[in-house]
Amino acid sequence: MGKDIIKIILASENDKALWDSYVKEHKDATPYHTYAWKQAVEAAYGHGGYYFIAVVDRGKDSTRKAVGILPLIHLKIPFGRGALISLPFCDAAGPLSDNKDIEQQLITVALALGKEIGVNEIELRTSKSEFELKTDTSHVETHSLKVRMFLDLPDCPARIGSGGSEKLLKSFKSKLRSQIKKPEKDGLRFEWGDINKLDDYYKVFSINMKDLGSPVHSRMWFRSVLNFYADKVRMGLVYLEQQLISCGIILIVNNVVTIPWASTLRKYNHLSPNMMLYWNFLAFASDSGYARVDFGRSTPNEGTYKFKTQWGANPYPLHWHHIYVSKIKSIKKTNIQDTRSAKREIAANLWSKLPLCVANTLGARIRKYISL
């Protein structure tokens, strides 16, 4: 037999099963790699997805085997050329492949697409520190200011079933165990929700985003995520009597439970509802037999980072690679980050002062253009 011929194809709805089966088998896959993310982005925000699959071409054999994927969303912006991002609105995606040669082929196809549709750059959000780019026509800059926070869960003999959360709880220090138990003593309760609770969830989430000075995702965004992720998404809710005060969403892929969104109403922080929320997510992951929990993106040594480390989560660097489609001169980085941070702080302060109805209306309209 000769060497397999690798062919790069553009995935369609008919290739969803082939795509997701490859994601399911790859050790570096995130929940954002699944085809559902493309469906959610397109349904909620209208950005087109270009999902490339590297397949083994077996000629007369009608069976196709995937050996690599690269998901890309064309994030269009008003009066601009936009970018191809893998992927927007999440921490890490990027190419998955069986080897570096296939990875290079996928990126080469992405560069060709970028030139064809006229974007400024291709952004790959990954945990890989570098890619071997065999091109002289593009300039690459890598930003590594953020980390992902992972907690490896205790291994249990039964693995699936009861017992995992009990073992995890015993592994915590007494102070953390007391903090976990306190919300229940104060009358808080945890429930699992679904799309029928979306309005309640969105009210808490949008208030929290306004308080943080950040434009909020649209309600349609969360509806799309809940619809397309189906049994791979769960909503957690924390109540004080009949008042929802904290909420979050988890996504599941392979042996990892990921927490991309969690919010708490500030005036109830003294009751520590976020401790109840996160503990129930961890307990679910442990008792369901999952191996890791991904707490999501953080800036080292800031508040959310410290909150996650108390659970035993460890940091893993994120590397966001900006591949400029046309070769440009290297940008001097001196003080650029400081300037951007100062501008963001001013904007966040102004945004937090808007009336909630105004912040929600404006936020839902402009959030689709903010890739973070």
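User: Hello! Which residues of α6 are buried?

Analyst: Welcome! Keep in mind that this model is predicted. Helix α6 covers residues 198–212. Its buried residues are Leu198, Tyr201, Tyr202, Val204, Phe205, Ser206, Asn208, Met209 and Lys210.

User: How far does α6 reach from its first C-alpha to its last?

Analyst: The helix has 15 residues, and at 1.5 Å a residue the expected span is 21 Å. The reach in the model is close to that expectation. From first C-alpha to last, α6 spans 21 Å.

User: Which residue follows α6?

Analyst: Just after the helix comes a residue whose phi is positive, near 80°. That residue is Gly213.

User: Is Cys357 buried or exposed?

Analyst: The structure holds 0 disulfides. Cys357 is thus in none, and the nearest cysteine sulfur, that of Cys247, is 20 Å away. Because its relative accessibility is 56%, and exposed means over 50%, Cys357 counts as exposed.

User: And why does Cys90 count as buried?

Analyst: The cut-off for buried is under 20% relative accessible area. Cys90 counts as buried because its relative accessibility is 3%.

User: Which helix gives the most to the largest nonpolar core?

Analyst: That core has 87 residues, and Trp37, Trp221, Phe295 and Trp311 touch the most other members. The top contribution is 10 residues, from a helix covering residues 273–287. That helix is α8.

User: Leaving aside neighbours within four places in sequence, what is Trp221 in contact with?

Analyst: Trp221 belongs to the largest nonpolar core. With those sequence neighbours set aside, its contacts are Trp37, Ala40, Val41, Ala44, Tyr45, Phe89 and Trp261.

Methods. Residues numbered from 1 in each chain as written. Predicted model: local features only at pLDDT ≥ 70, side-chain atom pairs only at ≥ 80, totals over all residues. Heavy atoms only, no water. Helix = DSSP H or I, 4+ residues; strand = E, 2+ residues; numbered from the N terminus. Expected span 1.5 Å × (residues − 1). Buried < 20%, exposed > 50% of the residue type's maximum accessible area, 1.4 Å probe, protein only. Disulfide = S-S within 2.5 Å. Core = buried A, V, L, I, M, F, W, Y, C linked by side-chain atoms within 4.5 Å. Contact = heavy atoms within 4.5 Å.
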